[in-house]
Amino acid sequence: MFLLLCGCGEDSRGSEELSDRSIDQPLTVGEIAVDNCNSQGYRICIEENGDLVPFIVLTSNYNGYCLLLREGLLDDIVFYNVPGEYGSYYCGSNVDSFLNEDYYFRLSEKMQRLIVTTEVEITTKNAIDTHADDVETIMRNIFLLSANEVNASLSRVALKEGEPLSYFENNERRIAAFRNLETGPWMLRTPALRDGNTIVGVADNGMVGIGGINTIAGYSDSAVRPAFCIPIETPIMQSDHAENIFVLKN
């Protein structure tokens, strides 16, 4: 499965640069980050419930660490939160709890040890009340990306959560699929500053839109796409499956 998801868009020059290195010289995850090589096609496969799942290394400088994003969507049906006065507030939401209390433990123990507890910017409750753009910082192992990080451009949406990531240069780059290769919508951690129960997400065509906390752009059961950080010097090695696929070094 991951060969179908990962083997696309590789820059041959980037591939040659990696293949020319000495076999005894270790590669690091930071070297295959989008901001460090032009290939955009490199992936690192992470063990998740015993299966190898592809992740994109979005940047080597997310608060000084490598930011990894699951390439595909989780098959789990996870609601963003229970409707309420601050249903769109990310901290402590249903999806926030799911990522850190359930999904985190699906990863291998080796990956759990590597994951860095990361500073993540989120919109404050005050901003949800007042339509301001106040942000606060929380510490998380696993988290959702923000509207700003996927290069969204929307009115009445807080766009100060994190910095835009160059990978998401167009709608196509935001499209993600389930295990069965069907594309689907996925949630972001950014609230739409409306009624306290509206958030931002990505539709199945890659466009960014807003909807209720359990629907995105008219879709119910919007999917989850986990992100997390690991040290940039983490050693990796080429997989036996494809030239542009890497795994953690033993």
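This passage walks through the strands, salt bridges, cysteines and backbone angles of the structure shown above. The model is a predicted one, and every residue is named by its position along the chain.

A good place to start is the sheet. Seven strands come together in an open sheet with mixed pairing, and reading across it gives the order β1-β13-β14-β2-β3-β4-β12. At its two edges lie β1, covering residues 27-28, and β12, covering residues 227-230, each of which has a pairing partner on one side only. Following the order from the β1 edge, the first contact is that between β1 and β13, an antiparallel pairing made over 2 bridges. Within this pairing, Thr-28 has Pro-235 of β13 as its bridge partner.

The next step across the sheet leads from β13 to β14. Strand β13 spans residues 235-238 and strand β14 spans residues 245-248; the two run antiparallel and are joined by 3 bridges. Together they make a hairpin, with 6 residues between the two strands. Two facing positions help to locate this pairing in the viewer: Met-237 is opposite Val-247 of β14, and Gln-238 is opposite Phe-246 of that strand.

Turning to charged side chains, the structure contains 8 salt bridges. One of them brings Asp-75 and Arg-179 together, with 3.5 Å between the closest N and O atoms. The partners come from distant parts of the chain, 104 residues apart: Asp-75 belongs to the loop between β4 (65-70) and α3 (94-101), while Arg-179 belongs to the loop between β6 (135-140) and β7 (186-191). Asp-75 is partly exposed, at a relative accessible area of 44%, and Arg-179 is also partly exposed, at 49%.

A second salt bridge pairs Asp-96 with Arg-140, and here the closest N and O atoms are 2.9 Å apart. Because Asp-96 sits in helix α3 and Arg-140 in strand β6, this contact ties together parts of the chain that are 44 residues apart in sequence. Asp-96 is buried, with a relative accessible area of 3%. Arg-140 counts as buried as well, at 16% relative accessibility.

Another salt bridge is formed by the side chains of Glu-149 and Arg-189, at 3.1 Å from N to O. Glu-149 is in the loop between β6 and β7, and Arg-189 is in strand β7, so the contact ties together parts that are 40 residues apart in sequence. Both Glu-149 and Arg-189 are buried. Elsewhere, salt bridges link Asp-76, Asp-102 and Arg-106 in a network.

The cysteines tell a simpler story. How many disulfides does the model contain? The count is 0. A disulfide requires two cysteine sulfur atoms within 2.5 Å. For Cys-66, the closest cysteine sulfur is that of Cys-229, and no bond is counted because the 8.2 Å between the two sulfurs is too far. Cys-66 is buried, with 0% relative accessibility, whereas Cys-91 is partly exposed, with a relative accessible area of 28%.

Finally, two backbone angles deserve a look. Most residues other than glycine have a negative phi. Asn-63, however, has a positive phi, near 55°. This residue is in the loop between β3 (51-62) and β4, and it counts as partly exposed at 47% relative accessibility. Asn-151 likewise has a positive phi, in this case near 65°. Its place is the loop between β6 and β7, and Asn-151 is partly exposed too, with 32% relative accessibility. That loop between β6 and β7 also holds Glu-149 and Arg-179, the salt-bridge partners of Arg-189 and Asp-75.

Technical notes: Residues numbered from 1 in each chain as written. Predicted model: local features only at pLDDT ≥ 70, side-chain atom pairs only at ≥ 80, totals over all residues. Heavy atoms only, no water. Buried < 20%, exposed > 50% of the residue type's maximum accessible area, 1.4 Å probe, protein only. Pairing = 2+ DSSP bridges. Helix = DSSP H or I, 4+ residues; strand = E, 2+ residues; numbered from the N terminus. Salt bridge = Lys/Arg side-chain N within 4 Å of Asp/Glu carboxyl O.
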